[in-house]
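Colleague: I have a few questions about how the labels on this structure were assigned. Could you take me through them?

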Amino acid sequence: MSGGPTTAAKTLPVLGAGAEQIPAFRTARRLGHRTIGVDRDPAAAGAKEADVFVPISTREADDIMVFLGDVTINGVLAPYTEAPQAALQVLAAHYATAWRPASAATRASIDKGYFRRVLEGLPFPCYRSVQGRDLAQLLSSAAGLRLPLVVKPADNSGAKGISTLHDLAALPQAIERARSFAFEGGVVIEEYVEGDHLSAECFMRRGRLWFGAVSDFGNSGPPHFLSRTHNVPAALDHAATDQVLDMIQTICRTVDYVDGPLTVDLIAGPNGEVYPVEMSARLGGNGMSPSLRAAFGVDVLAAAVQLALGEPFSLTPSRNRHAMTQVLSSSVGGRITAIRGVEEARQLPGVDTVDVFPAVGDQVVPYTSAADKLGLILVTGETRAEAAATMQLVLSLLAFDIQPEMADT
């Protein structure tokens, strides 16, 4: 476990103040530090959790530095989201903080095409892809790829702008959609790979994989591939788990990522081959940090805060349980008129967390991007079957009453 509060308070900007970032503010406070929340949304769910809140885009490093002025900054953190990673590197260099990721690791996190080029130089299974901004060039390059295809923005996350298609006739429209979500206008087109989806949550320390855990997860399938469930540890044997972690160690060495958290998405193919899909030099979202705490007794969020501030930390597992998370979502848009069963679910044995993000009266939208989730459930058990049974009980109790949006007449 990571240590308790330190004696000297330090100042930590947290880039992003959505609902998923709230634990980062609370963890920093528990450790005795001061936070500055940064988010372009002045009504962000985590705005009130920060000691100081800055209503500025997390991508605008120059604007953030102007606001901060001569404030002493001891570290910078951007948990659970890709958008601020480039700004984090700029801010960490400007303030000469104790921790900052290497530029190659940051680029591999925010540029999907660059990550694919990194993989092409490594001895791993690899599917083909192309990247570009020009429509004609993308159409020409994609003609040699195997269908079906996945089309997505080169530098965005959370399943924004993703399309899956089986017909090249639909490609121009898919490219334009992806480009509308790309910060720099780049689009990646890649071959779709069938298989089981995995996620590895890891922590590097001094160039060594200090902690690593592999989860398997269920997603919404095409076109968005949004996370719905995570199970940790994954249903893999020791040899397969070691294969995944060795692969990640090699990737980190290649992009010079020596210290810090990272999450890597992978696909296990039908013949036992494992394909790396994407990496992010940050903490994994969708409740993975509390899942690792519940399953193994390690607090990767506290470790990330302490690393960012140059504080000592530990990630020694203290138990071995099974943890399961479930994303709460809606298939329709509308206004929430009632939320039922939350307190009853929280009282069940084996339930760690039932987080519900919206309130009665809030408008919600269908689950088509990571930002659209209604909440998260985390349960634990001695076995996967025990955790799954508890999850089914929780889901049988929870209900959102939603008045659908009326179509214009």
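Modeller: Happy to; we can go through salt bridges, burial and then a sheet, bearing in mind that this is a predicted model.

Colleague: What makes the contact between aspartate 299 and arginine 30 a salt bridge?

Modeller: The N to O distance between their side chains is 3.1 Å. The cut-off is 4 Å between a side-chain nitrogen of Lys or Arg and a carboxyl oxygen of Asp or Glu, so the pair qualifies. The two sit 269 residues apart, with aspartate 299 in the loop between α9 and α10 and arginine 30 in helix α1. A search of the whole structure gives 19 salt bridges.

Colleague: Why is aspartate 299 called buried, and why is arginine 30 called partly exposed?

Modeller: Aspartate 299 has a relative accessibility of 14%, and buried means under 20%, so the label follows. Arginine 30 has 42%; exposed means over 50% and partly exposed lies in between, so arginine 30 takes the middle label.

Colleague: How do you know that arginine 384 and aspartate 216 form a salt bridge?

Modeller: Their closest N and O atoms are 3.0 Å apart, and the limit is 4 Å, so the pair counts. This pair links helix α12, which holds arginine 384, to strand β9, which holds aspartate 216, across 168 residues. Aspartate 216 is buried at 15%, while arginine 384 is partly exposed at 31%.

Colleague: What makes you say that the pair of lysine 152 and glutamate 190 ties parts of the chain together?

Modeller: Their side chains meet in a salt bridge at 2.9 Å, N to O. Lysine 152 belongs to strand β5 and glutamate 190 to strand β7, so the salt bridge joins parts 38 residues apart in sequence. Both lysine 152 and glutamate 190 are buried.

Colleague: Those strands bring us to the sheet. Why are β4 and β6 called edge strands?

Modeller: The sheet is open, with four strands in the order β4-β7-β5-β6 and antiparallel pairing. β4 and β6 each pair on one side only, and they are therefore its edges. The average twist from one strand to the next is 15 degrees.

Colleague: How do you know that β5 and β6 pair?

Modeller: They share three bridges in the antiparallel sense, and pairing needs at least two, so the condition is met. One of the bridge partnerships joins leucine 149 to leucine 165 in β6.

Colleague: And which strands does helix α7 lie across?

Modeller: Helix α7 lies across β5, β6 and β7, and runs at about 30 degrees to β5.

Key
Residues numbered from 1 in each chain as written. Predicted model: local features only at pLDDT ≥ 70, side-chain atom pairs only at ≥ 80, totals over all residues. Heavy atoms only, no water. Buried < 20%, exposed > 50% of the residue type's maximum accessible area, 1.4 Å probe, protein only. Axes fitted to C-alpha atoms, helices over the stretch in contact; angles between N-to-C directions. Contact = heavy atoms within 4.5 Å.
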